[in-house]
Amino acid sequence: MRPAPADAWSRTGLRGIPISFGSRETVFCGICLENVDKGITTSFTGGEEQCPHRFCRQCLRRYLRSRIDDGHVETACPCFGEDGCVATASSEDHERLLGPDHDAFSKYSRFSMMKENKNWRDCPKCGAMNLGSEVQPSMVCKECNYGADNVGDFCFFHSNAHPGKTCAEYVRSQQKTWKMSEAHLSRISKRCPRCQAPTIKSSGCNHMTCQACSCNWCWLCNTDMDLAVKEQNPAVGEWMNGRHATGALLISLNLAS
C-alpha cells in the first residue's frame with residue numbers, strides 16, 4: 001500500500017486514506033463519505049485528464065440521475081477542481097452507469113439530441129423524437145403518424161396545444177390569457193441578470209442557476225456571480241467552495257454596514 005500524502009490527515013482525516021484488508025483495498029467515496037471496497041467504485045472518464053477520484057457506482061448513478069432530472073446534460077465530477085480534477089461524465093459514462101435505469105438514460109439521450117439540434121421535438125402521442133422546422137410548423141410523427149389527420153395536432157412550436165387550429169389562430173385565442181399570466185409572472189419572478197429569462201424561486205437557497213444560459217446569480221441582489229468572481233468584486237464574499245455552491249451570496253461586512 002502506498003503511503004498517504006502528508007496532508008491527507010488534515011484534509012480528510014482517517015476516512016480519506018486508502019486502507020487494505022488482506023487483498024481488499026478500500027477507497028474513500030466523496031459522495032457517501034465512506035471507505036468502500038475499491039471493486040465497487042468507478043470514476044468519470046470524460047475530460048482531458050484521468051479523474052483522480054473514485055465513487056461508489058450506486059452513488060455516482062444517483063448523482064447522474066439527479067443532474068438529468070434537473071435538466072443537465074453536462075456533468076462534472078462531484079470533486080471537480082480538487083486535486084487538479086477536470087473530469088466530466090462522458091456519453092459512455094452515462095450509458096454505463098444509467099443503463100439499468102432506462103427512463104433516466106432515455107431522458108439523457110433526448111436532452112443530448114435537443115442540445116445538439118434545437119429542432120428536435122418529441123411526439124406528444126408516442127414520445128418518439130422527430131426533426132422539425134420553424135418554416136413548416138405542422139409535423140407528422142415518423143413512428144406513429146400522429147399529426148397526419150388534422151392541422152395543428154402536432155405543432156413544432158406548441159406540441160399538441162391546438163388540434164385543428166393553425167398557430168396564428170391559437171396565438172390570437174391565447175393573447176388575453178398570456179397578458180394576465182405575464183402580469184402575474186412579473187409579480188412573482190425575477191429576471192436572470194445575464195439573459196433576462198424570468199425565474200421563479202419556489203424554495204431552497206438564494207444561489208440560482210439559469211436554465212437558459214447557465215448563469216450563476218444571487219436571488220437577493222440579482223448579481224451575476226460568475227462575472228463578480230471574474231472581476232474580483234470586493235463586495236462579493238466567498239460563494240463557491242471547492243465542491244459546490246454554498247447557496248448564498250455573502251456580502252462583505254463593509255457593504256452590509
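In this predicted model, Asp-101 forms a salt bridge with Arg-65. The closest N and O atoms of the pair are 2.9 Å apart. The bridge links distant parts of the chain. Asp-101 lies in the loop between H3 and H4, whereas Arg-65 belongs to helix H2. In sequence, 36 residues separate the two. Asp-101 has a relative accessibility of 18%, and because buried means under 20%, Asp-101 counts as buried. Arg-65, at 26%, counts as partly exposed.

By the rule applied here, the count comes to six salt bridges. Another of them joins Arg-110 to Asp-122, with the closest N and O atoms 4.0 Å apart. Here too the pair links distant parts of the chain, although its members are 12 residues apart. Arg-110 sits in helix H4. Asp-122 sits in strand E6, which covers residues 120-122. Both residues are partly exposed: Arg-110 has a relative accessible area of 25%, and Asp-122 has one of 33%.

Asp-226 forms a salt bridge with Arg-194, and the closest N and O atoms lie 3.2 Å apart. Asp-226 is in helix H6 (residues 225-230). Arg-194 is in the loop between strand E8 (190-191) and strand E9 (198-199). The two are 32 residues apart, and the pair links distant parts of the chain. Asp-226 counts as partly exposed at 27% relative accessibility. Arg-194 also counts as partly exposed, at 42%. This pair does not stand alone: Arg-194, Asp-224 and Asp-226 are linked in a network of salt bridges.

The nonpolar residues were examined next. In soluble globular proteins, nonpolar side chains tend to be buried together. The largest nonpolar core in the model has 21 residues. Cys-29, Phe-44, Phe-55, Leu-64, Cys-77 and Ala-87 touch the most other members. Elements that give two or more residues to this core are strands E2 (24-29) and E5 (55-56), together with helices H2 (57-69), H3 (91-98) and H4 (102-116). The largest share, four residues, comes from H2. Helix H2 also carries Arg-65 of the bridge to Asp-101.

Phe-55 has contacts well beyond its sequence neighbours. With those within four places left aside, Phe-55 is in contact with Cys-29, Gly-30 and Ile-31. Its contacts also include Ile-40, Thr-41, Thr-42 and Leu-60. Cys-77, Pro-78 and Cys-79 are in contact with Phe-55 as well. A second, separate core has seven residues. Among them are Ala-197, Cys-210, Cys-215 and Trp-219.

Notes: Residues numbered from 1 in each chain as written. Predicted model: local features only at pLDDT ≥ 70, side-chain atom pairs only at ≥ 80, totals over all residues. Heavy atoms only, no water. Core = buried A, V, L, I, M, F, W, Y, C linked by side-chain atoms within 4.5 Å. Buried < 20%, exposed > 50% of the residue type's maximum accessible area, 1.4 Å probe, protein only. Contact = heavy atoms within 4.5 Å. Salt bridge = Lys/Arg side-chain N within 4 Å of Asp/Glu carboxyl O.
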